[in-house]
Amino acid sequence: MAKVVSFSIYKGGTGKTTSAVNTAAALAERGKKVLLVDLDQQAQTTKYLGFDPDTIPMNLAHVFMQNIPIALTVQKTAFSFDLVPASDLLAAVEAMLESGKDEGLLREKLDAVEAEYDFILLDTPPGKDKLTFNALVSARQIIVPVSTERMAVDGLADLIKHLHTVLWPKYDLDQDIRILFTKYDATTSLSPGIVKSAQKIYRENVLPMLVHSAVAFPRSYEARQPIIQFAPSHQGTQAYRELAAWLAQ
Ligand SMILES: Nc1ncnc2c1ncn2[C@@H]1O[C@H](COP(=O)(O)OP(=O)(O)OP(=O)(O)O)[C@@H](O)[C@H]1O
Ligand SMILES: [Mg+2]
């Protein structure tokens, strides 16, 4: 059965999509069978992997709106893993889902493909979207990509509080939460200080690998290639390889 891993934090722009795509590529490099699910109406994971969301006939929105089996929406990427694409139709799904009621739908829909993969990775949108709650309820492992800045660390506390006080009691979840620092800037004392203070609070839940800030990431997005293919020996590539190794252990 696949291990379901959600890349989530309510704050925007912290590296959720970058981490989900590059961890998928790094797990695939290790020979793992990986399905990456794009839950964001911005469809940036879909675009990162070279697809045009408007020309793919079926995506995750159809799974929710027309009850299409998720397997029928799976696309093979050029990077040895599979993708369930998104499109802006997910905005209609968001409007359709009932708050506080439909949070378990994705979990049911993933059941049908769980036997085919080692890992199912979920890239969630920013904000408290009902689709994000669906991903959080589906996951066994939650990776929280936090850009190394105070505001993002505050966002981390918001997510953890919501999990502890709302989703865990309601769904009786037993989940592991790990923090992945991204956009780490070693040239000032700011980033090291932020990581240290987070380690004091969250201890072993802070992952040891740090994803440094690097222009190679936006460039790899522009090139429509995970960083493993775009810059195989880059520090950022190494960090996501380490995350994949940690997940696969
Ligand atoms: N380690 C990094 N160093 C430099 N830039 C990065 C890094 N990681 C991501 N970025 C860039 O930061 C921007 C936001 O990253 P990304 O889209 O992965 O964040 P996100 O959390 O998915 O955003 P959203 O909340 O909008 O979905 C992108 O331009 C991306 O290329
Ligand atoms: Mg994103």
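Tutor: A pocket, on a 1 Å grid over the protein atoms alone, is an open set of points where a 1.4 Å probe fits, with protein on both sides within 12 Å along at least five of seven lines, and its lining residues have an atom within 4 Å of a point. Its volume is the space filled by probe spheres set on the points, which are joined across faces, edges and corners. This is a predicted model, in which local features need pLDDT of at least 70 and side-chain atom pairs pLDDT 80 or more, while totals for chains, interfaces and linings use all residues. Residues are numbered from 1 along each chain as its sequence is written, chains are lettered from A and ligands numbered from 1 in the order written, and side-chain values use heavy atoms, without hydrogens or water.

Student: What volume does the second largest pocket have, and which residues are closest to its centre?

Tutor: The second largest pocket holds about 180 Å³ of space. Of the 13 residues that line the second largest pocket, Val 4, Glu 114, Ser 138, Ala 139 and Arg 140 are the closest to its centre. At least two lining residues come from each of β1 (3–7), α5 (105–111) and α6 (130–138), where helices (H or I, at least four residues) and strands (E, at least two) are DSSP runs numbered from the N terminus.

Student: How does the largest pocket read by the same items, and which element gives the most to its lining?

Tutor: The volume of the largest pocket is about 470 Å³. Among its 25 lining residues, those closest to the centre are Gly 13, Gly 15, Thr 17, Thr 18 and Lys 183. The helices α1 (16–29), α2 (44–48) and α9 (216–222) each supply at least two residues of this lining, and α1, with four residues, gives the most.

Student: Where does ligand 1 sit, and which residues are closest to ligand 1?

Tutor: Ligand 1 takes up the space of the largest pocket, in the sense that more than half of its atoms lie within 2 Å of the grid points. The shell around ligand 1 draws two or more residues from each of α1 and α9, and α1 gives the most, with three. In total 17 residues surround ligand 1 (a heavy atom within 4 Å), and the closest are Gly 13, Lys 16, Thr 17, Thr 18 and Ala 214.

Student: Which atoms of Gly 15, Thr 18 and Ala 214 lie at short range from ligand 1?

Tutor: Polar contacts are pairs of N or O atoms within 3.5 Å. A polar side-chain atom of Thr 18 lies 2.5 Å from an oxygen atom of ligand 1, whereas Gly 15 places a backbone N or O atom 3.0 Å from an oxygen atom of the ligand. For Ala 214, a polar backbone atom is 2.9 Å from a nitrogen atom of ligand 1.

Technical notes:
A polar contact is a pair of N or O atoms within 3.5 Å; within protein, one must be able to donate a hydrogen and the other to accept it, and residues adjacent in sequence count only if both atoms are side-chain atoms.
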